[in-house]
Amino acid sequence: MSSNSYRLLILPGDGIGPEVMAEVRRVAEWFRDRRKLPIELSQRRFGLEAWQADRTLMPEETWSEIQRADAILFGASGLSETRDIPREERRKGSLLRLRKALDVFANLRPIKANPALLDASSLRREIVDGVDMVFVRELTAGVYFGEPRGIETLPDGRRRGVNTHTYTSDQIERVARAAFELARNRRNKVHSVEKSNVMEAGLLWREVVTQVHAADYADVELHHMLADNCAMQLIRAPRQFDVIVTDNLFGDVLSDCGAMITGSLGMLPSASLSARDADGRRRALYEPIHGSAPDIAGKGIANPLASIASFGLCLRETLGEADEAARLERAVDAVLAKGLRTADLAAPGTTSVSTKAMGDAVLTALETA
Ligand code: IPM
Ligand code: MG
C-alpha cells in the first residue's frame, strides 16, 4: 500500500475488547474498500492475550507498531486475571503508559443525546433532549502520574497510601488551548472545572485558563465551575454545557456521569490527541470509555457502538474526513432509529441483538447513509 495511507493499528486488548473491535475492523474495511479511504489496517496482541501467548502484556513487536502507527484503535484493558502478573510487567502493559508515551494529553469525550435513546437515559427525557457537549479531559498528568506515589508502612505499623496531584502551567495551558480551539468550531462556550476553593493545583488551573483566555481566546465564552457543582449541573441542566475542560481525575469521574445522559456507557467514544509535530503529525489513540466489562466478556452481547463511534472520531481527527465521519454517524443513527438495541440499551422485556448483529446493521446502513 502507498506510503500516503494512514496506518491504523487495532489493539483489541482484554475483556469485550476483541468482540467490539472485530466490528470496528469490519467498519474500517468498509471505508477502505467502499469509500477508498487510504487506510492500512494492522492488528497486534496486547494485554492478557499477549501474556498467554508471549509472557508479556506488551510484546516488543506491538510496542514498535505503536510507534509507527498514525492512530491506535484501542479496545479495552484490565482484567482481574492480570493481578498476579508481576508489577513491572503490568506497568509495561498499562494503558496509562501508552497514553503517556504517546503524549496524548487532550482526551475528547463527546456526549450527545441521541433522539432514539432519550428514554434509555436514567434522566428524564426533557432534561437530556438536545444535550451536545464535549469533555476535554487532561490525560497525561495530575494524580494519575504524580510522584511521589505508593503504599508505605509507617514505623508504628500503620500503612499509608500516597498519590500526588500535580500540574505545571504548560500542562494546563496546552489543554486549555485545545478546549478553546474546539469551542470555536462549536457553540463557542467553555466551562473550566477544578476545585480552586481547596486545591492549589486547582487555583493554578483557574489562573492559567484565565490568562490563556484573555491573551488569545477572549471571543470564547468562559465559565469557571467547581467540580462538585459541575457534577450537580450535569444532572440538573446538562444542556448548559458545550465544552468542559478539566483535569485527569475530575474528567474521569465527570465523564462517566455525563455518559448516563446517553443511556449507556456502551455509547461513549473518545479520542486522545497529542500536539502536532513539525510535520503536522499528531499521535492519536481512539478508545471507547467503557473498559473491559469482564462480566459480559465472551458472550457476544457487548455494545460495539462506542468503539465504532471512536473510529468515527478517527475519520474526523486523524484522516480529516469530516464527511465520512458524518456518514458513519448517520448510519449509527439509522440503526438506532430502527429500534436495534444491544442488551445495555434494551428496555426490560424487549429483545436485544448481539454485538455482531449490531455490526451487521451498521454495515447495511452504511450502504445507504
Ligand atoms: C477511562 C478509564 C481509565 C481511566 C481506566 C481504565 C484506567 O476509566 O478511560 O475513563 O481511569 O482513565
Ligand atoms: Mg473512566
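In the predicted model, Thr 318 occupies the loop that joins α11 (305–317) to α12 (322–337). The residue has a relative accessibility of 14% and therefore counts as buried, the cut-off for that class being under 20%. Its side chain forms a polar contact of 2.6 Å with the side chain of Tyr 286. Beyond the neighbours within four places in sequence, Thr 318 is in contact with Tyr 6, Asp 70, Ala 71, Ala 284, Tyr 286 and Leu 313. Tyr 286 thus appears both as a contact of Thr 318 and as the partner in the side-chain polar contact.

A second buried loop residue is Met 267, located between α10 (248–259) and β11 (271–276). Met 267 is classed as buried because its relative accessible area is 13%. When residues up to four places away in sequence are set aside, Met 267 touches Leu 117, Thr 262, Asn 303, Leu 305, Ala 306, Leu 336 and Leu 345. The C-alpha atom of Met 267 is separated by 8.1 Å from that of Pro 304, a residue 37 positions away along the chain.

The nonpolar interior was examined next. The largest nonpolar core comprises 68 residues, and Phe 31, Phe 311 and Leu 328 have the most contacts inside it. Helix α7, spanning residues 169–184, makes the greatest contribution to this core, with eight residues. Apart from this core lies another, of 22 residues, which includes Ile 111, Ala 227, Leu 254 and Ile 261. Within the 68-residue core, the surroundings of Phe 311 can be described in detail. Phe 311 touches Leu 8, Val 24, Val 27, Ala 28, Phe 31, Ile 39, Leu 73 and Leu 328, residues up to four places away in sequence not being counted. Phe 31 and Leu 328, listed with Phe 311 for the most contacts inside the core, are among these partners.

Ligand 1 is surrounded by Arg 99, Arg 109, Arg 137, Tyr 144 and Asp 252. By class, this shell contains four charged residues, one nonpolar residue and no polar residue. Three of the side chains place polar atoms close to oxygen atoms of the ligand. A polar side-chain atom of Arg 109 lies 2.8 Å from an oxygen atom of ligand 1, and a polar side-chain atom of Arg 137 likewise lies 2.8 Å from a ligand oxygen atom. For Tyr 144, an N or O atom of the side chain is 2.5 Å from an oxygen atom of ligand 1. Taken alone, ligand 1 exposes 320 Å², of which the protein buries 69%.

Several loop positions show notable backbone geometry. Most residues other than glycine have a negative phi, and most peptide bonds are trans. The peptide bond from Glu 147 to Pro 148, in contrast, is cis, with omega near 0 degrees. Pro 148 belongs to the loop between β5 (132–138) and β6 (150–153). Lys 36, although not a glycine, has a positive phi of about 55 degrees. Lys 36 is situated in the loop between α1 (17–34) and β2 (39–43), and its relative accessibility of 64% means that the residue counts as exposed. Ala 293, also a residue other than glycine, has a positive phi near 40 degrees. Ala 293 is found in the loop between β12 (282–286) and α11.

Note on methods
Residues numbered from 1 in each chain as written. Chains lettered and ligands numbered in written order. Predicted model: local features only at pLDDT ≥ 70, side-chain atom pairs only at ≥ 80, totals over all residues. Heavy atoms only, no water. Core = buried A, V, L, I, M, F, W, Y, C linked by side-chain atoms within 4.5 Å. Buried < 20%, exposed > 50% of the residue type's maximum accessible area, 1.4 Å probe, protein only. Helix = DSSP H or I, 4+ residues; strand = E, 2+ residues; numbered from the N terminus. Contact = heavy atoms within 4.5 Å. Near = heavy atom within 4 Å. Polar contact = N/O pair within 3.5 Å; in protein donor to acceptor, adjacent residues only side chain to side chain. Areas by Shrake-Rupley, 256 points an atom, 1.4 Å probe, with all protein chains shown as cover. Nonpolar A, V, L, I, M, F, W, Y, C, P; charged D, E, K, R; others polar.
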